[in-house]
Protein chains: 2
Amino acid sequence: MTTTPRTVRTTVKTLGILGTGTVGRTLARAWAKAGHTVLLGSRRPGDPEVRALAAREAGERVTLVDSAAAVTGADVVVNATPGTVSVELLSAIGEAALADRVLLDVAVGFTEDFSLSHPGESLGEEIQRTFPRARVVKTLCTVDRNLMVAPDSLEGPSTLFLSGEDTGAKETVRGLLRDLGWPDGSLLDLGGIGTARGQEHFSLLFMGVAEALGDYGFGIRVVPPAATR
Amino acid sequence: MTTTPRTVRTTVKTLGILGTGTVGRTLARAWAKAGHTVLLGSRRPGDPEVRALAAREAGERVTLVDSAAAVTGADVVVNATPGTVSVELLSAIGEAALADRVLLDVAVGFTEDFSLSHPGESLGEEIQRTFPRARVVKTLCTVDRNLMVAPDSLEGPSTLFLSGEDTGAKETVRGLLRDLGWPDGSLLDLGGIGTARGQEHFSLLFMGVAEALGDYGFGIRVVPPAATR
């Protein structure tokens with residue numbers, strides 16, 4: 001290590017990111033740039049296509065490993081797998097490996113006709129219920145992957161939401177979001193994991209707005225009443 | 001008529017508002033203040049409790065009538081009935097009465113456990129499908145009733161959404177929203193009635209944010225990328 005990662009304000013050192021798609025790789029790159037060590041976890045780490053994709057992000061701080069290694073070697077696990085298969089993929093890794101770990105869940109599941117795969121509840125709730133010992137925090141699922149890592153790319157401030165049962169886990173996640181550039185004032189804690197439902201269902205309005213603007217790179221800001229601020 | 005309603009910028013004269021709850025009465029008061037004539041439609045216009053509530057808004061420009069009269073006498077019909085029973089109430093009035101009329105739909109249906117009554121689609125779509133000749137426009141359902149009529153009560157500008165198949169109907173509704181104080185720049189046309197799904201599903205995030213802020217009177221603003229504006 002030849003440089004001092006001055007932008008790191010969290011104590012987290014190693015992030016295990018599950019999912020080598022565009023979201024997982026975008027987050028891997030940004031957190032590595034902020035000074036963290038990233039284990040990029042894949043079901044098929046030997047697959048030439050996966051290796052080629054991961055190689056773009058590889059460096060001294062990003063390493064492609066299999067999914068189980070990305071969990072067991074990490075201080076914080078990030079679920080960036082497709083929402084429709086997240087529970088199956090996490091189950092293959094096993095409940096024991098996830099116990100007591102902060103699980104930052106950014107996934108949303110869509111069916112083939114762009115309806116939500118969890119219409120009556122949310123993926124975040126299902127993950128917490130399936131892995132009761134994991135410390136699930138839902139966030140980052142209301143924005144496009146580019147905005148995730150560049151919140152200052154908008155014409156003004158926007159809001160990012162957090163949902164989860166574990167206060168300490170949410171503090172850890174706040175630190176990681178700060179490392180991506182999200183100011184503390186932009187983060188709104190909605191409460192328990194049940195509130196992940198609102199974040200995930202926002203995807204439907206997100207798609208309508210993206211279509212109307214012709215751009216996915218927008219944010220939303222919660223605008224409070226004038227009298228209370 | 002002794003005053004000149006200077007704020008009216010639409011050609012609409014008579015609004016039929018279905019629903020005498022807080023939303024319907026709030027809208028009746030605001031549109032009457034803007035110079036429109038309002039027929040406040042109730043299933044039970046003779047009920048003393050309904051009459052007492054309506055009397056608070058009554059004046060030369062607000063009249064309590066039965067639901068059918070509110071539709072047949074109106075240039076624009078506003079659905080402010082509970083979303084869980086809207087289709088049933090509109091059906092009782094009849095498809096013929098709704099034909100060719102602009103139907104401004106603000107309702108969202110919730111089950112007793114605060115889940116959406118239309119989880120797989122939206123009430124707006126169901127209304128348009130059930131009354132194919134009505135010109136349905138979904139709007140105002142992403143904000144609290146007080147913000148509906150006081151968009152300048154926030155600490156900054158916010159965004160209101162429109163969904164519907166009929167361009168002319170959306171223009172009429174834009175005029176009515178201007179009369180409530182919504183500037184043109186705050187209105188975002190999402191497209192066809194299918195996009196009502198996003199507006200209605202936002203209710204779940206709305207409730208989470210309201211709980212977190214301890215206040216229903218907030219708005220959301222779509223914040224575009226800096227480069228495009």
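At what angle do helix H6 (residues 123-130) of chain B and H9(B) pack, and how many Å apart are their axes? Keep that in mind while setting up the view: this is a predicted model, in which local features need pLDDT of at least 70 and side-chain atom pairs count only at pLDDT 80 or more, whereas totals for chains, interfaces and linings use all residues. Residues are numbered from 1 along each chain as its sequence is written, and chains are lettered from A and ligands numbered from 1 in the order in which they are written.

Select H6(B) and H9(B): the two helices (DSSP runs of H or I, at least four residues, numbered from the N terminus) pack at an angle of about 140 degrees, with their axes 7 Å apart. Axes here are lines fitted to C-alpha atoms over the stretch in contact, and angles run from 0 to 180 degrees between N-to-C directions. That makes H6(B) oblique to H9(B), a class left over once angles under 35 degrees count as roughly parallel, over 145 as roughly antiparallel and 65 to 115 as roughly perpendicular.

Next, show Leu123(B), Gly124(B) and Glu125(B), which meet Ala196(B), Arg197(B) and Glu200(B) of H9(B); contact requires C-beta atoms, placed from the backbone, within 7 Å.

Now bring in chain A, where the contact takes 39 residues from chain B and 39 residues from chain A. On the side of chain B that touches chain A, H9(B) gives the largest share, 13 residues.

Finally, select strand E9 of each chain (strands are DSSP runs of E, at least two residues): E9 (residues 219-223) of chain A and E9(B) pair in the antiparallel sense over 5 bridges, where pairing needs at least two DSSP bridges. Within this pairing, Gly219(A) has Val223(B) as its bridge partner.

Key
Two residues are in contact if their C-beta atoms, placed from the backbone, lie within 7 Å.
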